[in-house]
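Reader: I am in my first year and would like a close look at one part of this model, the salt bridges. Could you take me through them carefully, with the terms explained as they come up?

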Amino acid sequence: MTFYSWFVFFLGVQIIHFLGTWKLYQAAGRKSWEAAIPVYNSIILMKIIGRPTWWTILLFIPIINLIMFPVVWVETLRTFGKKSTLDTILGLFTLGFYIYVVNYTQKLEYNKDRKLTPENKAADTVSSLLFAIIVATLVHTYVVQPYTIPTSSLEKSLLIGDFLFVSKLNYGPRVPMTTVALPMVHDSIPMTKSKSYLSWPQLPYLRLPAFQKINRCDIVVFNWPVDTVHYFFEPKGRPGVIKPIDKKSNYVKRCVGIPGDSLAIKDGYVFINGKKLVLPERAKPQYSYAVALDGKTPIDFETIFKELDITDPAGFRTEKRDTLYLGALTEAGAERFKHTPGVTAVIRKVDTGDNNDIFPHINKWNQDNMGPIYIPEAGKTVSLTNESLPFYKEIITNYEGNTLELQGSKFIINGKPATTYTFKQNYYWMMGDNRHNSEDSRYWGYVPEDHIVGKPVFIWMSWDTNGKGINKVRWSRVFTTVDGEGQPHSYFKYFLILLAIYFVGDFIWKKRRENKA
């Protein structure tokens with residue numbers, strides 16, 4: 001929905017509210033016209049039902065309002081004497097339209113001084129639970145979101161089994177575009193694989209102010225632009241499903257190109273504006289290697305693999321066993337093999353030739369050699385030609401919502417001839433550190449700004465699926481930061497110390513209060 005269509009929808013909701021409540025406002029000693037003024041009517045309604053004015057804010061926060069609306073319906077009914085279980089059920093299952101029945105057919109008795117506290121333990125539990133869900137949803141949607149690393153595309157920087165906190169504040173909290181959805185779940189209901197949302201109505205893209213811009217080499221969580229799968233790791237062959245932007249699968253990669261950059265990849269290395277990209281110390285890019293052996297000297301591969309923490313597939317491809325193929329190895333690991341007795345050569349894999357799977361899918365480049373590619377910047381204009389169109393077609397039609405036709409040699413955008421195109425938003429180029437085991441921008445292109453979710457800032461738990469017992473926990477990664485200078489450092493022991501101080505202090509405080517009493 002555009003801002004205009006959303007505005008019309010909003011006015012429609014206000015009309016529905018007015019028609020169903022104006023007599024209630026009168027019965028409460030207010031003017032009937034007060035039920036018709038947007039926002040103001042909500043403030044007055046809070047006064048009528050005896051609830052704090054700040055509840056009005058919650059009514060206009062997407063997802064949160066889905067919880068608040070039923071609460072307000074029930075509170076309104078109870079304020080006018082409809083307190084029975086049947087009244088509550090009718091109010092909820094008619095989506096509030098039972099208030100119309102009360103408004104027009106019932107004798108209205110306004111209970112201004114009704115008791116607002118729950119009348120029994122069950123009601124108190126439900127009230128507390130609703131409040132907890134509201135707070136958790138606010139935090140999850142606008143402040144910080146938990147995320148689990150599912151693949152090895154950022155291996156060595158982030159590992160499979162890392163549990164992250166992703167900050168929404170760094171790049172600015174994105175207001176949910178999908179307005180009707182279950183709180184605190186993503187695209188499917190847990191254990192059911194059923195959709196957790198309705199595709200309509202959709203809010204236009206809006207992002208709250210940010211603390212920082214996305215910088216080169218930042219690790220970023222974003223919605224996968226070309227996602228059409230029903231659920232992650234879905235078996236191939238199923239028909240795709242078109243998802244709203246904020247319900248597309250969450251991916252995490254390293255941003256190697258920002259708006260306005262010219263990006264190229266040469267022999268697997270990223271170059272930005274003609275200069276080789278310098279990665280931070282914590283980044284450990286990996287490539288595929290072939291390790292040639294003399295076939296005579298025994299080599300303890302198990303020890304070397306454990307020392308180098310090699311987790312991607314490795315093995316021999318022929319019965320001669322004269323060449324070991326490694327799916328992912330750091331440059332430091334390659335040097336370790338070079339100095340191992342019995343190894344005659346260590347050769348990094350570099351793709352040659354053309355691959356139609358590589359963006360922009362014109363059989364031009366491969367995963368190790370591509371570019372230069374311009375990364376679009378909001379407000380910048382590019383020429384439209386047969387050569388440039390493959391790079392920008394998805395942006396023009398899908399990401400920025402225009403129609404595009406080709407009439408002979410002419411480009412028609414939104415029904416008008418065009419020789420240039422001006423970008424409406426910024427775009428980014430995302431890649432995994434595990435260069436030969438990462439599905440990233442090399443395969444599907446740019447990541448639009450409206451797909452950005454947040455910045456991983458903290459690893460609160462790390463779980464090794466191959467470990468046993470207590471060794472399943474990677475203790476050295478627990479309570480470590482994702483960014484920062486030098487190697488990761490765990491703050492877990494400091495957390496335990498603070499926790500112990502808190503409990504000891506709380507125990508002493510309670511003892512002192514007991515002694516004074």
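Author: Let us start with a pair of charged residues: aspartate 162 is buried, and arginine 474 is buried as well, where buried means under 20% relative accessible area, exposed means over 50%, and partly exposed lies in between, with a 1.4 Å probe and protein chains only. Before going on, please note that this is a predicted model, in which local features need pLDDT of at least 70 and side-chain atom pairs count only at pLDDT 80 or more, while totals for chains, interfaces and linings use all residues. Residues are numbered from 1 along each chain as its sequence is written, and side-chain values use heavy atoms, with hydrogens and water left out.

The side chains of aspartate 162 and arginine 474 meet in a salt bridge, at 3.8 Å from N to O; a salt bridge here is a side-chain nitrogen of Lys or Arg within 4 Å of a carboxyl oxygen of Asp or Glu. Because aspartate 162 lies in strand 2 (residues 162-167) and arginine 474 in the loop between strand 24 (452-462) and strand 25 (480-481), this pair ties together parts that are 312 residues apart in sequence. Helices (H or I, at least four residues) and strands (E, at least two) are DSSP runs, numbered from the N terminus.

Strand 24 also holds lysine 455, and this lysine forms a salt bridge with aspartate 483, the closest N and O atoms being 3.3 Å apart. Aspartate 483 lies in the loop between strand 25 and helix 12 (492-516), so the pair ties together parts that are 28 residues apart in sequence. Lysine 455 is buried, with a relative accessible area of 9%, whereas aspartate 483, at 31% relative accessibility, counts as partly exposed. Returning to aspartate 162 and arginine 474, we find them in one network with Asp464 and Arg477, joined by salt bridges that share partners.

A search of the whole structure finds 17 salt bridges, and one further example is the pair of arginine 114 and glutamate 75, whose side chains meet at 2.5 Å, N to O. Arginine 114 lies in the loop between helix 6 (98-105) and helix 7 (121-142), while glutamate 75 belongs to helix 4 (residues 64-79), so this salt bridge ties together parts that are 39 residues apart in sequence. Arginine 114 is buried, with a relative accessible area of 13%, and glutamate 75 counts as buried too, at 8% relative accessibility.
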